[in-house]
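Welcome! Please take a moment to look over the sequence and the model below, and then read on for a short tour.

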Amino acid sequence: MSKSRNKGGQGTPATVALAQAGIGFTLHPYEHDAGSQAYGEEAADALGVPYERIFKTLVAEVEGGLAVAVVPVAGKLDLKAFAAAL
């Protein structure tokens, strides 16, 4: 995999962390529609990828730190189940 960065910036928190850890990754850019509210679904549609193959990461602040949930873009995080799992 090739390592890429956004033009004029350092990237997203995830890509910055990957680069700092020396983990290779590939960006798959597409033209964003400013009116879109469903970013993951928009990306999947633009890239021709099924929704279940694209994931969103959700970060929650909890006692003692942060917790991360990874959810398919078409899914919703059940906060009660997430809290119970933590």
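## Strand β1 and V59

V59 lies in strand β1, a strand being a DSSP run of E with at least two residues, while a helix is a run of H or I with at least four, both numbered from the N terminus. V59 counts as exposed because its relative accessibility is 57%; exposed means over 50%, buried under 20% and partly exposed in between, with a 1.4 Å probe and protein chains only.

This is a predicted model, where local features need pLDDT of at least 70, side-chain atom pairs count only at pLDDT 80 or more, and totals for chains, interfaces and linings use all residues. Residues are numbered from 1 along each chain as its sequence is written, and side-chain values use heavy atoms, leaving out hydrogens and water.

## The chain as a whole

The chain has three helices and two strands, following the pattern α-α-β-β-α along the sequence. Of its 86 residues, 16% count as buried.

## A nonpolar patch

V59 joins F55, L66, V68 and V70 in a nonpolar patch on the surface. Patch residues have over 30% relative accessible area and no salt bridge (a side-chain nitrogen of Lys or Arg within 4 Å of a carboxyl oxygen of Asp or Glu); nonpolar side chains (Val, Leu, Ile, Met, Phe, Trp, Tyr) are joined within 5 Å, like charges within 9 Å. Together the five have about 540 Å² of accessible area, by the Shrake-Rupley method with a 1.4 Å probe, where only the protein chains shown count as cover for residues.

Which strand gives the most to the nonpolar patch? That is β2, with three residues. Both β1 (55–62) and β2 (65–72) supply at least two.
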